[in-house]
Amino acid sequence: MFGAATAAYQIEGAWDADGKGESIWDRLTHTGPKIIEDKTNGDIAADSYRKYKRDVEMVREMSLDTYRFSISWPRILPTGMPNDINPAGIAYYNNLINELLKYNITPMVTLYHWDLPQKLQDLGGFANPLISDWFADYARIVFQTFGDRVKHFITFNEPPQICQTSDMMSSFNTSEGREQFVNATNIVNYLCAKNLLVAHGNAYRIYDKEFRAKQGGQCGFTINIDWYGAHSNSSEDQKAAEMAWQGDWGLYTEPILSALGGFPKEFAERVAKKSAEQGFTRSRLPEFTEEEKTFLRGSADFLGVNHYSGVLVSATVNKKHNHVPSKADDVDVGIIIPKEWQRSADNETTLCPNSLYNVLYQLQSRYNNPIPIYITETGWATTEESKLDDDDRVKYYRAQLEDVLDALDAGVNLKGFIAWSLMDNFEWIRGYTLRFGLYHIDFQDPARTRTPKKSAFVYKHIVNNRYIDHTYQPESMTMTIDPGH
Ligand code: GBH
């Protein structure tokens with residue numbers, strides 16, 4: 001399956017239309033605009049709340065099989081709670097789903113792509129263990145309402161980014177500042193990880209017990225998995241790379257995919273030891289009961305991988321002086337990004353050779369050719385300057401797809417490739433300064449006209465021909481819909 005992805009807050013706009021509740025991103029951008037690079041917000045964004053038919057048309061223009069989008073929790077449950085359902089919100093997603101199905105496009109639905117109802121944040125958000133019940137209630141309504149037509153559900157997009165207080169897109173980055181969550185004990189990261197995993201498990205078990213037999217779909221989760229390569233062959237650097245992934249995405253893959261269950265073993269031992277030395281009576285990384293381990297083990301029908309880049313990891317080079325205690329201090333490694341790796345416009349993400357292949361191969365080996373994998377996002381940032389001539393994005397996608405072919409040759413159980421993003425959108429704390437779209441949007445234009453970039457034509461050519469032609473150039477920049485789409 002080939003597709004393209006978006007997320008509700010980044011494209012929909014209509015932030016308070018027709019009964020929608022406030023999300024943490026509405027609150028953050030409205031009360032702390034200085035946190036956003038260009039002081040913008042998603043109030044209108046790509047206006048997809050009104051232009052969803054054009055969005056579907058773009059998916060058809062590129063001959064794609066699937067469209068991955070997210071549901072805004074406060075659009076359908078304004079307070080976050082199930083006693084108050086917003087019919088206009090339900091209608092919007094019904095219309096979008098029906099429009100996709102009309103053209104045989106498979107909807108892939110993310111339940112949580114970062115826009116938590118503000119009212120739940122007021123109760124502590126992901127720091128409150130009750131989030132697992134609130135999410136379960138929300139998930140049941142989503143399955144009940146849309147599951148007759150949606151067969152691919154993703155519970156969470158990128159748990160590490162939600163929980164990591166060091167990350168500017170984290171749910172703990174409020175306009176009042178992160179300090180209220182990052183107190184001296186610095187345990188919220190790991191507390192959030194456990195709460196979120198239980199929330200995921202609840203949703204998965206609800207799907208399994210109450211809906212699967214009737215609806216016949218699948219429920220998975222999506223993690224950002226970038227490549228952590230060892231800087232050298234030394235056993236110290238190998239160990240450092242191991243700690244880097246265990247302390248990042250491993251916190252979420254191990255409890256669900258490993259035979260042992262629970263948080264990654266070596267990392268958990270390290271945090272327990274450090275916690276004891278630091279005077280805690282129990283590890284800052286919470287433990288799972290045997291019952292919880294069993295509950296989470298195998299709680300996914302597929303694994304969604306968001307992949308952007310990779311880094312090299314060292315036990316000695318580039319080490320920072322980290323706050324103690326903190327997750328960075330627990331992981332305790334140095335990161336090296338070779339100068340020769342091309343940097344994207346975000347000045348952080350690089351074109352790291354074979355990172356996608358390495359990640360897919362690592363997952364396959366670690367988890368013994370696990371459940372099916374979908375690449376649920378991969379993308380390259382440009383600025384407004386390059387407009388439709390996004391040659392670097394073209395180069396990036398060709399490289400990723402070469403890796404996909406290699407991964408398939410190596411026997412990786414890969415089912416789909418989904419590009420980030422269908423169109424330019426509100427790039428979280430970078431506002432509209434970074435562009436990830438296959439389609440360009442002029443955000444000064446009230447009509448939010450969508451125009452295909454070069455990468456859209458190249459992607460379409462690959463999808464239609466099932467072949468990566470590295471010399472292909474579009475003859476004209478006019479898009480049409482091919483027969484059958
Ligand atoms: C994805 O995250 C998101 O799922 C998607 O919504 C987003 O639009 C896309 O990336 C492009 O960024 O210095 O605090 O700005 C990918 C993981 C983690 C990559 C945060 C960029 C920036 C850190 N992202 N990182 S910050």
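# Helices, a ligand and loops

K273, A276 and E277 are exposed on one side of helix α12. The buried residues of α12 tell the other half of the story: they are F267, V271, K274 and S275. These four cover an arc of only 100° around the axis, which puts them on the same side of α12. The model described here is predicted.

## Helix α12

Why do residues a few places apart share a side of a helix? An α-helix has 3.6 residues a turn, so residues three or four places apart point the same way.

What does the buried side of α12 pack against? Its buried residues meet α9 (188–215), α10 (235–247), α11 (250–257) and α14 (327–331). Just after α12 comes G279, with a positive phi of about 95°.

## Checking helix lengths

A simple check works for a helix. Take 1.5 Å a residue, work out the span, then look at the end C-alpha atoms. For α12, the expected 18 Å agrees with the 19 Å between its ends. The table sets out the check for α12, α7 and α17.

| Helix | Residues | Expected span | Distance between end C-alpha atoms |
|---|---|---|---|
| α12 | 265–277 | 18 Å | 19 Å |
| α7 | 131–146 | 22 Å | 22 Å |
| α17 | 454–465 | 16 Å | 17 Å |

## Helices α7 and α17

Helix α7 has 16 residues. Its buried residues are I131, S132, W134, F135, A136, Y138, A139, I141, V142, F143 and F146.

Helix α17 has twelve residues. How many of them are buried? Ten are, so α17 is largely enclosed by the rest of the structure. The buried stretch takes in K454, S455, A456, F457, V458, Y459, K460, H461, I462 and V463. These residues pack against both strands and helices. The strands are β1 (2–5), β11 (414–420), β12 (439–441) and β13 (450–452). The helices are α3 (48–61) and α16 (391–409). R466 follows α17, and its phi is positive, near 50°.

## Around the ligand

How many residues surround the ligand? There are 19, and the closest are Q10, H113, E158, E427 and W428.

Look next at the polar side chains. In E158, a side-chain N or O atom is 2.7 Å from an oxygen atom of the ligand. In E427, a side-chain N or O atom is 2.6 Å from a ligand oxygen. W420 also takes part: one of its polar side-chain atoms lies 3.1 Å from an oxygen atom of the ligand. Taken alone, the ligand exposes 570 Å². The protein buries 85% of that.

## Residues in loops

Start with K339. Where is it found? K339 sits in the loop between β9 (334–336) and α15 (355–366). Is K339 buried or exposed? K339 is exposed, because its relative accessible area is 83% and the cut-off for exposed is over 50%. K339 and P74 are 265 residues apart along the chain, and their C-alpha atoms are separated by 43 Å.

S344 lies in the loop between β9 and α15. Unlike an exposed residue, S344 counts as buried, at 6% relative accessibility. Which residues does S344 touch, leaving aside its neighbours within four places in sequence? They are T349, W380 and A381. The side chains of S344 and D346 are joined by a polar contact of 2.9 Å. D392 is 48 residues from S344 along the chain, with 8.2 Å between the two C-alpha atoms.

D167 belongs to another loop, between α8 (159–163) and α9. Its relative accessibility is 17%, so D167 counts as buried, since buried means under 20%. Not counting residues up to four places away in sequence, D167 touches Q161 and R178.

## A residue in α15

Q362 is part of helix α15. Is Q362 buried or exposed? Q362 is buried, with a relative accessible area of 18%. Which residues are in contact with Q362, apart from neighbours within four places in sequence? They are W227, W245 and W249.

Technical notes. Residues numbered from 1 in each chain as written. Predicted model: local features only at pLDDT ≥ 70, side-chain atom pairs only at ≥ 80, totals over all residues. Heavy atoms only, no water. Helix = DSSP H or I, 4+ residues; strand = E, 2+ residues; numbered from the N terminus. Expected span 1.5 Å × (residues − 1). Buried < 20%, exposed > 50% of the residue type's maximum accessible area, 1.4 Å probe, protein only. Arc of directions from axis to C-beta. Contact = heavy atoms within 4.5 Å. Near = heavy atom within 4 Å. Polar contact = N/O pair within 3.5 Å; in protein donor to acceptor, adjacent residues only side chain to side chain. Areas by Shrake-Rupley, 256 points an atom, 1.4 Å probe, with all protein chains shown as cover.
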